Amino acid sequence: MLLLALDTATPAVTVALHDGSAVIAESADVDARRHGELLLPAVHRTLKAAGTELGAVTEIVVGAGPGPYTGLRVGLVTAATFGSALGVPVHGLCTLDGIAYAAGQAGLEGPFVVATDARRKEVYWARYDDARTRVTEPAVDHPADLAERVAGLPAVGAGALLYPAAFADVPPGMPEYQSAGALASLAAEKLARGEELPPPRPLYLRRPDAKVPANYKVVTPK
């Protein structure tokens with residue numbers, strides 16, 4: 001196995017290669033506005049660091065969100081394009097699951113919450129029994145509306161750091177953004193158990209920010 005993982009659902013543009021036993025190379029840049037510009041160079045760096053080429057990849061996993069529309073689709077379209085060109089399977093995993101898995105690798109145990117920045121003063125979030133077990137569907141909410149539901153639970157992710165009034169317990173040393181290395185390790189673990197991974201379908205959870213203006217005037221040539 002040579003699994004290529006990538007994720008652009010958070011401000012981190014992150015890529016990793018996993019050989020079925022461990023992550024062998026990883027690259028990450030944090031820039032919420034340059035996903036399209038940064039992703040392919042990150043793939044190139046990761047392949048070069050591993051001493052291999054794209055044609056050696058046997059499977060692809062991509063973070064399916066939730067995430068802002070523009071950034072999220074960069075990773076999904078790139079993964080789909082690679083998969084079509086190489087003729088290899090493309091899988092999707094929830095980005096929050098990757099962050100939860102990374103939190104487990106960093107030592108977090110027991111029930112906790114993952115929250116990422118959804119903009120508009122909202123967060124994408126889900127609740128976990130442990131680093132591998134999500135117990136709620138991913139959702140988008142205002143942090144103030146979550147305070148009672150997440151009370152007493154540790155929280156990880158950029159969304160938790162942004163809204164300390166709602167997420168009071170943010171353990172130090174936990175991941176803020178997605179790690180493709182964690183996503184790849186989670187996918188490799190699931191595949192090794194014979195699990196069928198979901199298709200790469202985006203979890204947008206809400207409509208894109210860009211909209212056609214109301215009362216748009218259509219001009220047609222005479």
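**Note on the predicted model: helix 6, its salt bridges and the nonpolar cores**

1. Lysine 190 is found in helix 6. The model under discussion is predicted. At a relative accessible area of 17%, lysine 190 falls under the 20% limit and therefore counts as buried. Not counting residues up to four places away in sequence, lysine 190 touches Leu93, Glu195 and Leu197.

2. One of these contacts is also a charged pair. The side chains of lysine 190 and glutamate 195 meet in a salt bridge, with an N to O distance of 3.5 Å. The two partners differ in burial: lysine 190 is buried at 17%, whereas glutamate 195 is partly exposed, with a relative accessible area of 32%. In general terms, side chains of opposite charge can pair when their charged atoms come close.

3. Helix 6 takes part in a further salt bridge, between the side chains of glutamate 189 and arginine 132, at 2.6 Å from N to O. This pair links distant parts of the chain, 57 residues apart: glutamate 189 lies in helix 6 (residues 180–192), and arginine 132 in the loop between strand 7 (122–130) and strand 8. Which residues belong to the network of salt bridges? Arg132, Glu189, Lys190, Arg193 and Glu195 are linked in it.

4. The structure holds eight salt bridges. Among them is the one in which the side chains of aspartate 97 and arginine 134 meet, with 2.7 Å from N to O. This pair, too, links distant parts of the chain: aspartate 97 is in helix 3 (residues 95–105) and arginine 134 in strand 8 (residues 133–134), 37 residues apart. Aspartate 97 is buried, with a relative accessible area of 13%, while arginine 134 is partly exposed at 29%.

5. The geometry of helix 6 merits a remark. Helix 6 has 13 residues and reaches 18 Å from its first C-alpha to its last, close to the 18 Å expected at 1.5 Å a residue. After helix 6 comes glycine 194, whose phi is positive, near 85°.

6. Is helix 6 largely enclosed or exposed? Of its 13 residues, 12 are buried, so helix 6 is largely enclosed by the rest of the structure. The buried residues include the charged-pair participants Glu189 and Lys190, together with Ala180, Gly181, Ala182, Leu183, Ala184, Ser185, Leu186, Ala187, Ala188 and Leu191. What covers the buried residues of helix 6 includes strand 1, strand 2, strand 3 (23–30), strand 4, strand 5 (90–93) and helix 3.

7. The largest nonpolar core has 22 residues, and those with the most contacts inside it are Leu4, Leu6, Val15, Leu39 and Ile60. At least two residues of this core are supplied by each of strand 1 (3–7), strand 2 (12–18), helix 1 (35–50), strand 4 (59–63) and helix 2 (69–86). Apart from this core lies another, of 16 residues, among them Ala102, Ala180, Leu183 and Leu186.

8. Leucine 4 illustrates the surroundings of a residue in the largest core. Not counting residues up to four places away in sequence, leucine 4 touches Val15, Ala16, Leu17, Leu54, Val57, Glu59, Ile60, Val61 and Phe82. In strand 4, isoleucine 60 is the bridge partner of leucine 4.

9. Strand 1 is mostly covered, with five of its five residues buried. Leu4 and Leu6 point one way from strand 1, and Leu3, Ala5 and Asp7 point the other way; all are buried.

10. How is strand 1 joined to strand 2 and to strand 4? Five bridges join strand 1 to strand 2, and these two strands run antiparallel. They form a hairpin with four residues between them. Within strand 2, threonine 14 is the bridge partner of aspartate 7. Strand 1 and strand 4 are joined by four bridges and run parallel.

11. A final point concerns annotation. UniProt, in an unreviewed entry, places the feature "domain: Gcp-like" at residues 32–147. Over residues 32–147 the chain of the model is 43% helix and 27% strand, and the end C-alpha atoms are 26 Å apart.

Definitions and conventions:
Residues are numbered from 1 along each chain as its sequence is written. This is a predicted model: local features need pLDDT of at least 70, side-chain atom pairs count only at pLDDT 80 or more; totals for chains, interfaces and linings use all residues. Side-chain values use heavy atoms; hydrogens and water are left out. A salt bridge is a side-chain nitrogen of Lys or Arg within 4 Å of a carboxyl oxygen of Asp or Glu. Buried means under 20% relative accessible area, exposed over 50%, partly exposed in between (1.4 Å probe, protein chains only). A nonpolar core is a set of buried Ala, Val, Leu, Ile, Met, Phe, Trp, Tyr and Cys residues joined through side-chain atoms within 4.5 Å. Contact means heavy atoms within 4.5 Å. The expected span of a helix is 1.5 Å times one less than its number of residues. Two strands pair if DSSP finds at least two bridges between them. UniProt positions are given in the numbering used here, feature names are shortened, and annotations may be inferred rather than shown by experiment.
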